Amino acid sequence: MKEKIDKVIHKIEKSEHISAENKPLIIEKIKEWREEDNAVSEVILKLENWWLEVEPIFAEMGLV
């Protein structure tokens with residue numbers, strides 16, 4: 001699971017859809033969660049919820 005979190009961090013760093021000021025904040029929080037085994041499920045839940053919110057936007061743009 002920690003390998004997947006590292007991939008998420010990498011994708012966030014390369015993302016053009018996340019503002020430059022938000023990237024460090026998001027990455028910092030994910031790195032904190034990575035160190036807590038119980039928090040891994042919390043990260044997954046938050047990312048799933050985020051995706052449910054933004055997926056229609058990506059679909060409308062033809063990216064999904």
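The legends below describe close-up views of one predicted model.

**View 1. The whole chain, a predicted model with three helices and zero strands.**
The elements run α-α-α from the N terminus on. Helix H1 covers 2–14, helix H2 covers 22–34 and helix H3 covers 39–60. Along the principal axes, the C-alpha atoms fill a box of roughly 35 × 25 × 15 Å. The chain has 64 residues, of which 22% count as buried.

**View 2. The largest nonpolar core, made up of eight residues.**
Its members are Ile5, Ile9, Ile12, Ile27, Ile30, Trp33, Val40 and Val43. Helices H1, H2 and H3 each give two or more residues to this core. As general background, nonpolar side chains in soluble globular proteins tend to be buried together.

**View 3. The largest pocket, with a space of about 580 Å³.**
The lining of this pocket consists of 18 residues, and those closest to the centre are Val8, Ile12, Ile18, Leu47 and Trp50. Two or more lining residues come from each of H1, H2 and H3. The largest share of the lining belongs to H3, which supplies six residues. Sorted by class, the lining holds twelve nonpolar, two polar and four charged residues. Ile12 is listed among the residues closest to the pocket centre and is also a member of the largest nonpolar core.

**View 4. Serine 15, in the loop between H1 and H2.**
The relative accessible area of serine 15 is 16%, so this residue counts as buried, the cut-off being under 20%. From the side chain of serine 15 to the backbone nitrogen of histidine 17 the distance is 3.0 Å. This polar contact falls within the 3.5 Å limit.

**View 5. The aromatic cluster of Trp50, Trp51 and Phe58, linked by ring pairs.**
Two aromatic pairs are found in a search of the whole structure. In one of them, the rings of tryptophan 50 and tryptophan 51 have centres 6.3 Å apart and planes at 50 degrees, so this pair is tilted. Tryptophan 51 also pairs with phenylalanine 58, at 5.7 Å centre to centre and 20 degrees between the planes, and this pair is stacked. Planes under 30 degrees apart count as stacked and those over 60 as edge-to-face, the rest being tilted.

**View 6. Accessibility of the three aromatic residues, Trp50, Trp51 and Phe58, of the cluster.**
Tryptophan 50 counts as partly exposed, at 41% relative accessibility. Tryptophan 51 is partly exposed as well, with a relative accessible area of 36%. Phenylalanine 58, by contrast, is buried, with a relative accessible area of 15%. Buried means under 20% and exposed over 50%, which places the two tryptophans in between. Tryptophan 50 is also one of the residues closest to the centre of the largest pocket.

**View 7. Glutamate 32, placed in helix H2.**
With a relative accessible area of 38%, glutamate 32 is partly exposed. Glutamate 60 lies 28 residues away from glutamate 32 in sequence. In space the two glutamates are 33 Å apart, taken C-alpha to C-alpha. Helix H3 (39–60) ends at the position of glutamate 60.

Technical notes
Residues are numbered from 1 along each chain as its sequence is written. This is a predicted model: local features need pLDDT of at least 70, side-chain atom pairs count only at pLDDT 80 or more; totals for chains, interfaces and linings use all residues. Side-chain values use heavy atoms; hydrogens and water are left out. A nonpolar core is a set of buried Ala, Val, Leu, Ile, Met, Phe, Trp, Tyr and Cys residues joined through side-chain atoms within 4.5 Å. Buried means under 20% relative accessible area, exposed over 50%, partly exposed in between (1.4 Å probe, protein chains only). Helices (H or I, at least four residues) and strands (E, at least two) are DSSP runs, numbered from the N terminus. On a 1 Å grid over the protein atoms alone, a cavity is a set of points where a 1.4 Å probe fits but cannot get out, and a pocket is an open set with protein on both sides within 12 Å along at least five of seven lines; lining residues have an atom within 4 Å of a point. Grid points are joined across faces, edges and corners, and a volume is the space filled by probe spheres set on the points. Ala, Val, Leu, Ile, Met, Phe, Trp, Tyr, Cys and Pro count as nonpolar, Asp, Glu, Lys and Arg as charged, and the others, Gly among them, as polar. A polar contact is a pair of N or O atoms within 3.5 Å; within protein, one must be able to donate a hydrogen and the other to accept it, and residues adjacent in sequence count only if both atoms are side-chain atoms. Rings of Phe, Tyr and Trp (its six-membered ring) pair if their centres lie within 6.5 Å; planes under 30 degrees apart count as stacked, over 60 as edge-to-face and the rest as tilted.
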